[in-house]
Amino acid sequence: MKIVFTFLQIGFCIPSFAQYPKLDKKGNLVSMDEVDISSMVQPLPEKNKFVDSNYNIWCGSVTKGKNGKFYMLYSRWPKACGHEAWITNSEIALAKSDKPEGPYRHVKVVFPARGNQYWDGVCTHNPAVIQYNGKYYLFYMGSTGRSFVQPNTSYDNPNWWEYRNNQRIGVAVTDDPEGDWQRFDQPVLDVSKDSTAYDALLVSNPAITVDSKGEVILIYKQVAKNGTMKGGRVRFGVAFSKSLLGPFVKHPSPVFEAKDGGKEWMVAEDPYLWSYKKSNYAIVRDVVGKFTGEAGALALLSSTNGIDWLPTKYPKVMPNHVQMDDGTLSEDKLERPCLYTENGLPVLLFGALGINHRQYSINVAVPLKIPAVGGK
């Protein structure tokens, strides 16, 4: 007797592997192009929160040190000054951990205020750290100003905008994150002299990578002039260099542009940039939902040249909230993402969260895990 097996009735038992990361024989990720990070997101444990009772914490950028320790370069400013004091009171600090998810312990202030005669003498913010050829490079935003800004001020204070519009991008370098960082007296990327340029008013929010060919790609926030304090549309530009210390050559047009997004004040925000194999990837905040369909969600984009960016097959990285391990949802969206990977595979998604209507803020490390076959 022949026994014939049919799978028509049991097809529901066979899982789809489309969203599962493909690994090679050594356990390395083959490609990011078809990775569905959203399917890997796990609830946030309490122990994965980096909190300081005296400071707002923002902008955590994490790297594994040559000594096997994990370092977070982050922004902080006194809680008593209010959330919007990031532009007048922020300083970049260093924290350290034995494990990538933490707990992190404050080590020192990396860039103390050094006087408003310097381009970055009042505020340092938006750290983005990268290791290359045995050195650590820290890209950041710096600002300065001479006007007094009342703590807990609001956007209607014209003095606040002086500091906002003085944002420029700098780079510092060291052999050891716990040692001294070489800081420079001039920004590595300044505004364009052309008053009609997309970045004529300010440059900030640097994201950095070195591609497979050794070319340095710097993506940054740019704001145009329009005769007002606030300036024109907020967009992102890209610049290229052969060295992480510059000089950088700017591409003339914005990147991260979305279909039908031209009239929006801002489409993307808070990029995190990295390269894997022969492609470049960026996680951005989808400000109005042009990439994922959900305003405030995080989106994954890819590019082979650093100029032309498109959403990946699975563009949504995570929704506009974070699920805690007690089942509750964060009231705030995750901002300033940073992805930690091992063998190319996403392991942790770092980001900043406002708490209690941004009465204070913290950094978190959202666990990422490959889904079990069959959902088990």
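This report covers the nonpolar cores, helix α2 and the cavities of a predicted model.

## Nonpolar cores

The largest nonpolar core has 40 residues. Within this core, Trp274, Leu349 and Phe350 have the most contacts. Strand β18, residues 345–355, gives the most to the core, with 5 residues.

Trp274 has contacts well beyond its sequence neighbours. Leaving out residues up to four places away in sequence, Trp274 touches Met32, Thr209, Leu300 and Leu339. The list also takes in a run from Ser279 through Asn280, Tyr281 and Ala282 to Ile283.

Another core lies apart from the largest one. This other core has 19 residues, including Tyr137, Ile169, Val203 and Leu218.

## Helix α2

Helix α2 spans residues 158–165. Its buried residues are Trp160, Trp161, Tyr163, Arg164 and Asn165. Two tryptophans and a tyrosine are thus listed beside an arginine and an asparagine.

Several elements cover these buried residues. Among them is a helix, α1 (86–89). The cover also includes the strands β7 (135–143), β8 (168–174), β9 (202–210), β10 (216–223) and β11 (234–241).

The start of α2 has a polar contact of its own. There, a side-chain oxygen of Asn157 comes within 2.9 Å of the backbone nitrogen of Asn159.

## The largest cavity

The model has 2 cavities of 30 Å³ or more. The largest has a volume of about 60 Å³. Its lining is made up of 13 residues. Nearest the centre lie Asn48, Lys49, Phe50, Glu101 and Tyr104.

Two elements, β1 (49–50) and β19 (360–367), each give two or more residues to this lining. β19 gives the most, with 3 residues. By class, the lining of the largest cavity has 7 nonpolar, 3 polar and 3 charged residues.

## The second largest cavity

The second largest cavity has a volume of about 40 Å³. Its lining comes from three stretches of sequence: Val234, Arg235 and Phe236; Val255, Phe256 and Glu257; and Val267 with Ala268. Strand β11 gives the most to this lining, with 3 residues. β11 is also one of the elements covering the buried residues of α2.

The lining of the second largest cavity holds 6 nonpolar residues and 2 charged ones, with no polar residues. Arg235 and Glu257 are both in this lining.

How values were computed: Residues numbered from 1 in each chain as written. Predicted model: local features only at pLDDT ≥ 70, side-chain atom pairs only at ≥ 80, totals over all residues. Heavy atoms only, no water. Buried < 20%, exposed > 50% of the residue type's maximum accessible area, 1.4 Å probe, protein only. Helix = DSSP H or I, 4+ residues; strand = E, 2+ residues; numbered from the N terminus. Contact = heavy atoms within 4.5 Å. Polar contact = N/O pair within 3.5 Å; in protein donor to acceptor, adjacent residues only side chain to side chain. 1 Å grid on protein atoms, 1.4 Å probe; cavity = no way out; pocket = protein on both sides within 12 Å on 5 of 7 lines; lining within 4 Å. Points joined across faces, edges and corners; volume = space filled by probe spheres on them. Nonpolar A, V, L, I, M, F, W, Y, C, P; charged D, E, K, R; others polar. Core = buried A, V, L, I, M, F, W, Y, C linked by side-chain atoms within 4.5 Å.
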